[in-house]
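Thanks for sharing this one. Here are a few notes to read alongside the coordinates, in no strict order.

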Amino acid sequence: MLRHVLRRLVQMIPLLLGITILSFLIIQLSPGDFLAEIRLNPVVSQETVDQMRANFGLDRPLHIQYLRWLGNILRGDFGYSFAFQVPVLWLIKSRLLNTLLLSVTSLIIAWLIAIPIGIHAATHQYSPSDNLLSFTAYVGISTPTFFSGLLLLYGAFRTGWLPIGGMTSLDYDLFPWYGKVLDVAQHLVIPASVLAFLTVAGLMRQMRGNLLEVLRQDYVKTARAKGLSGRIVIYKHAVRNAINPLITIFGLELGGLLGGAAILENVVSWPGLGQLILDSVVRKDLYVVMASLVFGGVTLVVGNLIADLLLAVSDPRIRYD
Amino acid sequence: MAIPLTRRLPQTTEAIRAVAPRTPAQLAWRQLRRHRLALIGGAILIILYSMSLFADFIAPYSLDTSDRAKFYHPPTIPRLVDGSGRLHWRPFVYDTQLVDPGLRTFKVDRSKIYPVRFFVRGEPYRLFWTIPTRIHLFGVDEPGRIFVMGTDGFGRDLFTRVLYGSRVSLIIGILVVAVTLPIGMIYGGIAGFYGGRIDNIMMRLAEVIIAFPAFYLLLTLSAVLPTNVGCTTRFYLITLILSFIGWAGFSRLIRGFVLSLKEREYILAARVMGLDDFRIIVRHILPNTSSLAIIVASLTIPGAILGESGLSFLGLGVREPCSSWGNLLTAGANLVNLSRSPWLLFPGLFIVIAVVAYNFLGDGLRDAFDPRLRTN
């Protein structure tokens, strides 16, 4: 197991290098110098700009710039944000945490909802409830997060039950710790349910399909034939086998979730990575964009690795050595 | 007594057709016809695409017509009963006057009715970009206005803009497939066919693109696009970046399929007959991936539609004054508009309907082309 993990980690290295190279190249394609904005500032003298160019190594050839940046990354230095005037890592750390809070919460909710309704749909195939669930799932995977987000915001505005947008209330700092938790939880409801809706739809379809497939297998027939009750056959034999493929699509889901969150964060002003990347893309905040891309990629790659390991734990047929 | 061979064969054309071997396409079509949701999806798509083709005819106004006195006007509801309780056989609308620009309230002027007329003369346009005409599907007499879905902040009819916007939103998916399909098939075909080191390097390259959360990449790439270009150029550039992100996943699928195909006997036979690699890939392997390609294409289109609308929604895709479903929805994204003029969310409904329809169709196609699920 440990060897497998190590091997997977080594295999990740070229992929991670590729991620950094692509992130770097895209930014280089961007028209105009990102110091242009600073240059327009009348307070900043030409000498300062030249100084900055030299400091950031912008006067060097491309590959040198890349290697320099990569070297800094490896030492944990992701550069400096021009717009926010803080180190990039500092900026990204909190944003990434917020995005993960949102994504992981909705992922947990999604799994908790999707598995039972997937089982229900499969065991009641073609019943009215199955048809309704399947139809809802179609709508779920087809609704862009910004649209469902706006609909929920409208609902929240009409009813006044939930805070509209943001992650914390204005008087957040005055709350005791449990008040703070409650406050964030309240703000989390809308974005998390939007993302959960998206994920539930996909997962439930998958779960239904898997379970139907498993229920056709011989060992399920055997279990029924030897007189086990329907419940035991389904929950003890079939469901366990139907869940495994769901773990393998975890990586895919995470990718969709991060992407869905990226737009949604801008709709409900959730201070996450997606909002940061849009901000910095618009402001041409070079190092922040590159770092966000790298972090997004790394999160996805690590997510896939975790899914792999989880699968090894949950499925005894898979043995790594 | 021997029966002549010809006598044993069916004589009627119908019977001949019944016996004739079916092509895979015919089999798939037979299966698809039984898939009710796929047919519904297909029907919705036909309606949507016809709407976008006839957009200038169906739309009561032109793309840029704006009535500055009627900004954020709520949807006009056609009525049948007038103020005095009299029933009209033809639906009609009332004219309205802006009362409070801040609260965006309009007063209905019940003194005069404007019947809804069909095939009315309106603003000139060119049907199918060629035939000049002034006939619109429906409309009301001036100065009455009919806003089926209300208006935006410039007093432009939202329904009209949704119709024109469908041209962007619905076409982009097809264009993206047209670009990614050949690239994905050839790239995946080569990687899968040669295997080994070539496959390894090619797939590592594709994986780099897959490794990013797609929307992050999309956002960054769209920011790289020049901003000072016309709508059409921008539209093609967006298509290009959507394709740039899409081809990798597609070629990975094709490659996996080709890996299993190349071990088949007929490929061996082709090789023995001395065909070169290129011809084997193009003539014998790629045609066999066509069912997979159709399935993936039908699921790529909704993805591209969502990608474009997401980008345009954030202001990085198709921009004003052009319209696309995503960028129309931007107007609804601010809280004041959302609370006072919720009809600005209508374009979102169209995105959902189009994408649902494609997903219906895509699932139907998958069932139809997947022999394991075929019942007959």
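1. Helix α7 of chain B has these buried residues: B:D199, B:M202, B:M203, B:A206, B:V208, B:I209 and B:A211. Please keep in mind that this is a predicted model. The buried residues of α7(B) pack against α6 (158-194), α8 (214-224) and α9 (231-261) of chain B, and also against α1 and α13 of chain A.

2. The geometry of that helix checks out nicely. Helix α7 of chain B covers residues 196-211, and its 16 residues should span 22 Å at 1.5 Å a residue; the end C-alpha atoms are 22 Å apart, so the two values agree.

3. One of the buried residues of α7(B), B:D199, is also part of a salt bridge: its partner is B:R255, with the closest N and O atoms 2.8 Å apart. This pair links distant parts of the chain, since B:D199 sits in helix α7 and B:R255 in helix α9 of chain B, 56 residues apart. B:D199 has 8% relative accessibility and so counts as buried, while B:R255, at 21%, counts as partly exposed.

4. Over all chains, the structure holds seven salt bridges. Another within chain B pairs B:R156 with B:D152, the closest N and O atoms being 3.0 Å apart; both of these residues are buried.

5. Now to the interface. In total, 48 residues of chain A are in contact with 40 residues of chain B. The two chains bury about 3,700 Å² between them, with 83% of it on carbon and sulfur atoms. Three residues, A:Y138, A:F147 and A:L150, supply 16% of the area that chain A buries against chain B, more than any other three.

6. How many salt bridges does the rule find across the interface of chain A and chain B? There is one, formed by A:R205 and B:D363, whose closest N and O atoms are 3.0 Å apart. On the side of chain A that touches chain B, the residues divide into 32 nonpolar, 13 polar and three charged. As for burial, A:R205 counts as partly exposed because its relative accessibility is 25%, and B:D363 counts as buried because its value is 7%.

7. A last spot worth a look is B:G41, in helix α4 (residues 36-53) of chain B. With 0% relative accessibility, B:G41 counts as buried. Leaving aside residues up to four places away in sequence, B:G41 touches B:A357 and B:F360.

Methods:
Residues numbered from 1 in each chain as written. Chains lettered and ligands numbered in written order. Predicted model: local features only at pLDDT ≥ 70, side-chain atom pairs only at ≥ 80, totals over all residues. Heavy atoms only, no water. Contact = heavy atoms within 4.5 Å. Buried area = accessible area lost by both parts, 1.4 Å probe. Salt bridge = Lys/Arg side-chain N within 4 Å of Asp/Glu carboxyl O. Nonpolar A, V, L, I, M, F, W, Y, C, P; charged D, E, K, R; others polar. Helix = DSSP H or I, 4+ residues; strand = E, 2+ residues; numbered from the N terminus. Expected span 1.5 Å × (residues − 1). Buried < 20%, exposed > 50% of the residue type's maximum accessible area, 1.4 Å probe, protein only.
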